[in-house]
Every structure is written in C-alpha cells, then in structure tokens.
Amino acid sequence: PTVGRIQCGDGLCCESWAAAKYYRMPPKFDPTAITIVYVRATGGEVPGASSLAPKIGPLGLSPKKIGDDILKATKKDWLGLRVTCKLTIQNRQAQVEVVPSAAALVIKALKEPPRDRKKVKHIKHSGNVSFDTIVDIARQMRERSMSKALAGTIKEMLGTAVSVGCTVDGEDPRDIQQQIDDGERECPEK
C-alpha cells in the first residue's frame, strides 16, 4: 500500500495509520516480564518436543531443556500420572511447578504401583480411600473449586472418586454424597 502524509488539525504533518500498521518494529525483549504457560504431561516422562515447541519456542527457550525440567519435577511424586505443569518464565529461565488435578490426587491417594502406560491400557482403579483423605484432597483443591463451602468441595472430590472408580471407606462415593446432603455425615468447616 502507498503510504502518504496526512494533514493534522494543527497544521503539522504526520504519517498515516498505514505506516504504523505495516512498518512497526517488533517489541524489545523485556527481561522483567513474567510469562505463565500450562503444559499437560505424564509424570516421569519427557513430553514431546513437538508439543512443547509451539508454546515455548516463541519465548526463546529450548523445548528439550524444558522437557528435562518437567521430567525432574514430576518423576518423584507423579510417576505415570497425567498432571498439568505450570511454567513460570522470566528472563528466559523457566520454573516448573506441578498443578495436580483432583483425579490425579485421588489416584495418588490409592497408592497404586506405577504402571507403564504404553503396555497397560484402560486401568481400573478399584481401590479404597478413607474419607479423611478425601477431605485433605478437598482442602488442597479448595481455591480452585467453585463451591462456597468446604462441604461442596468434598462432594466434588467424591464425584471425582466415582469417575476414577474407587470406593470411600468401603462405600460408594454417591452414598456418602447423599449422607452429606441428608446431614448424616459431618463435614469440617475449614
């Protein structure tokens, strides 16, 4: 497009909007800017560089190095579980923080031995979890829950236990949800 000069109201000339649109310099790299990227990964495995590259490549980071950092953060506690990793990037340095989902916390509470996800498919989690463990998981998930009270968050975690397929104190989690609704089972306030 042709870029011309336009006359401003005060008589001074300035370049048109077309010049600003097509001939703008890229922004300078700000070392103090903090960028947060969320990546879903399997614990104890390096996520594929092809899945990391589109997210962290534009930030000037190596996908291979970030993959090794994610492996280090998830290897000990989250082996074989799908977890979300929060990458906090500042000045081309990434800090990895694991943000587990409710399902990952429930499966971890079952204390099952780690399995190779490539060999064993469609795992049935038929273990048993205590109600106190469900309350602890609800406290961890409290700030990410949409419920007003802790009792609502506990019921959300019981729903997660239903979807995982485990029992709570030897009972079906739906029965415990009904007991909470009827007031037969006490839930802590905090």
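Which residue in strand 5 is the bridge partner of Thr 88? That partner is Gln 95, and the legends below start from this pair and work outwards through a predicted model.

**View 1. Strand 4 and strand 5, zipped together by seven bridges.**
These two strands pair in the antiparallel sense. Strand 4 covers residues 82-90, and strand 5 covers 93-99. Thr 88 and Gln 95 make up one of the pairs to look for. Another to pick out is Cys 85, whose bridge partner in strand 5 is Val 98. Ile 89 also has someone facing it: Ala 94 of strand 5 stands opposite. As you follow the strands, keep one general point in mind: in a regular strand, side chains alternate between the two faces of the sheet.

**View 2. The hairpin turn at Asn 91.**
Follow strand 4 to its end and you reach the hairpin with strand 5, which has two residues between the strands. Asn 91 sits in this loop. Its phi is near 55°, which is a positive value in a residue other than glycine. Is Asn 91 buried, exposed or partly exposed? With 44% relative accessibility, Asn 91 counts as partly exposed.

**View 3. The whole three-stranded sheet, with helix 3 lying across the strands.**
Pull back from the hairpin and you see an open sheet of three strands in the order 3-4-5, with antiparallel pairing. Strand 3 (34-42) and strand 5 are the edge strands, each pairing on one side only. Direction ignored, neighbouring strands here are turned by 25° against each other on average. How many bridges join strand 3 to strand 4? There are nine, and these two strands run antiparallel. For a landmark on this side of the sheet, find Thr 42, which stands opposite Arg 82 in strand 4. Helix 3 (residues 63-75) lies across strand 3, strand 4 and strand 5, and it runs at about 35° to strand 5.

**View 4. Helix 4 against helix 5.**
As a quick reminder, two packed helices are described by the angle between their axes and the distance between the axes. For helix 4 and helix 5 (residues 131-141), the angle is about 150° and the axes are 10 Å apart. Angles over 145 degrees count as roughly antiparallel, so helix 4 and helix 5 are roughly antiparallel to each other. Their crossing is right-handed. On the helix 4 side, the contact uses Ala 102, Leu 105, Val 106 and Ala 109; these meet Thr 133, Ile 137, Gln 140 and Met 141 in helix 5. Sorted by type, the contact residues come out as six nonpolar, two polar and no charged.

**View 5. Helix 4 again, this time against helix 6.**
Helix 4 (residues 102-109) also packs on helix 6 (residues 150-164), here at an angle of about 70° and with the axes 9 Å apart. That angle makes helix 4 roughly perpendicular to helix 6. Helix 4 passes helix 6 in a right-handed crossing. Which residues of helix 6 does helix 4 meet? They are Met 157, Thr 160, Ala 161 and Val 164, and they are met by Ala 102, Ala 103, Val 106 and Ile 107 of helix 4. This contact divides into seven nonpolar residues, one polar and no charged. If you flip back to the previous view, you will find Ala 102 and Val 106 listed there too, in the contact with helix 5.

**View 6. Thr 153, tucked into helix 6.**
Stay on helix 6 and zoom in on Thr 153. With a relative accessibility of 0%, Thr 153 counts as buried. What is Thr 153 in contact with, leaving aside its neighbours within four places in sequence? The contacts are Ala 138, Arg 142, Ser 145 and Ser 147.

**View 7. Asp 169 and its positive phi.**
The last stop is the loop between strand 7 (167-168) and helix 7 (173-182), where you will find Asp 169. Phi of Asp 169 is near 55°, a positive value in a residue other than glycine. Asp 169 has 36% relative accessibility and so counts as partly exposed.

Definitions and conventions:
Residues are numbered from 1 along each chain as its sequence is written. This is a predicted model: local features need pLDDT of at least 70, side-chain atom pairs count only at pLDDT 80 or more; totals for chains, interfaces and linings use all residues. Side-chain values use heavy atoms; hydrogens and water are left out. Axes are lines fitted to C-alpha atoms, for helices over the stretch in contact, and angles run from 0 to 180 degrees between N-to-C directions. Helices (H or I, at least four residues) and strands (E, at least two) are DSSP runs, numbered from the N terminus. Angles under 35 degrees count as roughly parallel, over 145 as roughly antiparallel, 65 to 115 as roughly perpendicular and the rest as oblique. A crossing is left-handed if the near helix is turned anticlockwise from the far one by less than a right angle, and right-handed if clockwise. Contact means heavy atoms within 4.5 Å. Ala, Val, Leu, Ile, Met, Phe, Trp, Tyr, Cys and Pro count as nonpolar, Asp, Glu, Lys and Arg as charged, and the others, Gly among them, as polar. Buried means under 20% relative accessible area, exposed over 50%, partly exposed in between (1.4 Å probe, protein chains only). Two strands pair if DSSP finds at least two bridges between them.
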